[in-house]
Amino acid sequence: MESERKIEQTAPINMSPEEFREIGRSVVNKIADLMESLPERKVTSGEPPSKIKELLKEISVPENGTNAKQLFDEVTSLLFNHSLFTGHPKYWGYITSSSSPIGALSEMIAATLNPNVAAWALSPVASEMEKQTIQWIAEMIGYPNDCGGILVSGGNMANYHCYLTARQTKADLNFTNEGVASNNSKKLLVYASTETHLWLHKAAALFGNGTDSIRWIEVDSDLKINTKELKEQIKQDVENGFKPFMVVGTGGSVGTGAVDPLPEIYKICQEFDLWFHVDGAYGAFAAMLHDAPKDLYSLKHADSIALDPHKWLYAPIEAGCVLVRDKQLLKNTFSFHPSYYKFDEVAGEKVESFFDFGMQNSRGFRALKVWMGIKQVGKSGYQQMISDDINLAKQLYRLAAEHSELEVISTNLSITTFRYVPNDNKSEEYLNEINTKLLTQLQEGGEAFVSNAFINGKYVLRACFVNFRSTIKDVKELVEIIVRLGRSLN
Ligand SMILES: *Cc1c(COP(=O)(O)O)cnc(C)c1O
């Protein structure tokens, strides 16, 4: 018997177009109001975790639904009053950007169409837009635009894809077939500086090589990899029968924005036939500037690059990007074709599907928010905004250097590190302690938000500018806030 209920569309999760219009307008208005009010708000409400937990009072799953309009009123009030706003003009924590308004609206369209960008046949325009986005990203940073690539959730995932492609390409056949049980697997080594992001630790552990397969190379005082030691270590390992397969260079380190000497790493990779990977999650987009740190221009020689559009392209999280010079190598690594997968042709023409280029199967339309950002502002718009970020970091460095109670430590790309140093007490131990307390107060107070780094045993404050909403006034106020907090703690 036909279900009575299914004669008309009355599914509880559906909305009539009229209802959608009405609620949609109200939600968009609330979002615009939030954006407008950001400068007057605190960066975070600073409530303790137990308080936040209490806000979600329902313990059990709701048995019955709630009217959607009422629900949006409730949820916007909950989120807009208790969140940490990465879009606040005074948010400079970690490397998390302000997200673009065009990205927010694009997400709504992507979610509405909901193409499955695993297969071309299920996402015709979306698949082509993702390909175009990858080409544009490559072109923007001076990389060959016939490279392979795929959008993933973020920098870690992008680096994993590159790691796996490097291993697949450089390890011998025994490894490909026998995996970690092969003799060869114990000999595979990867090289990276001690400043490398934690993704490498995870990759080595999770993909079966083990963390002992990482040769951590020391950095010089500028926190860049020591290439002399790198070369020595590789030589020695080769002599001892190991199989080095990959060197990781960092194009903008997560701690201080330092750019490794990529041209020298490239030379070493050529000499020893190693895969040259660049973790450019944060810094690679700066390669589109005419006055970037010049080593960054050697990105173009990399076998693979990991980048984060959700950092310097200001796309809403999540958006990472993999670029691999030789597209076929990316495909060799991720393409498996069971007989029931028939996605190679559409209307008699050959097509490429993204499930062949990465780990995921069903995939969302991540490309739209990135594509729209690039179309809205163009390469020149991004050059301007990235320059502005770098310039604000330099201004902060200058202002801190001029202040008798602040000590500057470093400035690279758009990351500046510094600390509070009272005029009367300068023991290192005390300075670490007072700066730790200062940062906690700053973060919880919500007037501004920066994070920290450890540099040569010093606990330092670290401001990372990936924020198109910040102005020089915000930076000047940060200096005042920090000095005020420092004085009161001292
Ligand atoms: C941010 C960052 C990562 C990690 O990226 P996620 O997007 O957080 O996964 C890796 N490496 C560097 C250099 C980064 O700056």
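This text walks through the ligand site, the two largest pockets and two unusual points in the backbone. The model is a predicted one.

The ligand is a convenient place to start. Around the ligand stand 14 residues, and the closest of these are G155, D279, D308, H310 and K311. Three of the five make polar contacts through their side chains. For D279, an N or O atom of the side chain is 2.7 Å from a nitrogen atom of the ligand. The side chain of D308 places a polar atom 2.6 Å from an oxygen atom of the ligand. The side chain of H310 also has an N or O atom facing an oxygen atom of the ligand, at 2.8 Å. On its own the ligand has 380 Å² of accessible area, and the protein covers 84% of it.

Which elements give two or more residues to the shell around the ligand? They are α6, which runs from 155 to 170, and α11, which runs from 309 to 312. Of these, α6 gives the most to the shell, with three residues. By class, the shell around the ligand holds four nonpolar, seven polar and three charged residues.

The next step is from the ligand to the space that holds it. The ligand takes up the second largest pocket. This second largest pocket has about 550 Å³ of space. Its lining is made of 31 residues, and those nearest the centre of the pocket are I95, H197, V254, G255 and R462. The helices α6 and α11 return here, since each gives two or more residues to the lining of the second largest pocket, as does the strand β13 (449-455). The most comes from β13, which gives four residues to this lining. The lining of the second largest pocket divides into 11 nonpolar, 15 polar and five charged residues.

The largest pocket is described in the same terms. Its volume is about 1,100 Å³. A total of 40 residues line the largest pocket, with V27, I31, M35, F80 and A104 nearest its centre. Two or more residues of this lining come from each of α1 (17-37), α3 (68-82) and α4 (101-113). Helix α1 has the largest share of the lining of the largest pocket, at nine residues. In the largest pocket the lining has 25 nonpolar residues, 14 polar residues and one charged residue.

Two points in the backbone remain. Most residues other than glycine have a negative phi, and most peptide bonds are trans. Where does the model have a cis peptide bond? A cis bond joins I317 and E318, with omega at about 15 degrees. E318 lies in the loop between α11 and β8, the latter spanning 320-324. The helix at the start of that loop, α11, is one of the elements that give two or more residues to the shell around the ligand. The other point is Y94, a residue other than glycine whose phi is positive, near 45 degrees. Y94 is in the loop between β1 (91-92) and α4. Helix α4, which follows that loop, is among the elements that give two or more residues to the lining of the largest pocket.

Methods. Residues numbered from 1 in each chain as written. Predicted model: local features only at pLDDT ≥ 70, side-chain atom pairs only at ≥ 80, totals over all residues. Heavy atoms only, no water. Near = heavy atom within 4 Å. Polar contact = N/O pair within 3.5 Å; in protein donor to acceptor, adjacent residues only side chain to side chain. Areas by Shrake-Rupley, 256 points an atom, 1.4 Å probe, with all protein chains shown as cover. 1 Å grid on protein atoms, 1.4 Å probe; cavity = no way out; pocket = protein on both sides within 12 Å on 5 of 7 lines; lining within 4 Å. Sits in = over half its atoms within 2 Å of the grid points. Nonpolar A, V, L, I, M, F, W, Y, C, P; charged D, E, K, R; others polar. Points joined across faces, edges and corners; volume = space filled by probe spheres on them.
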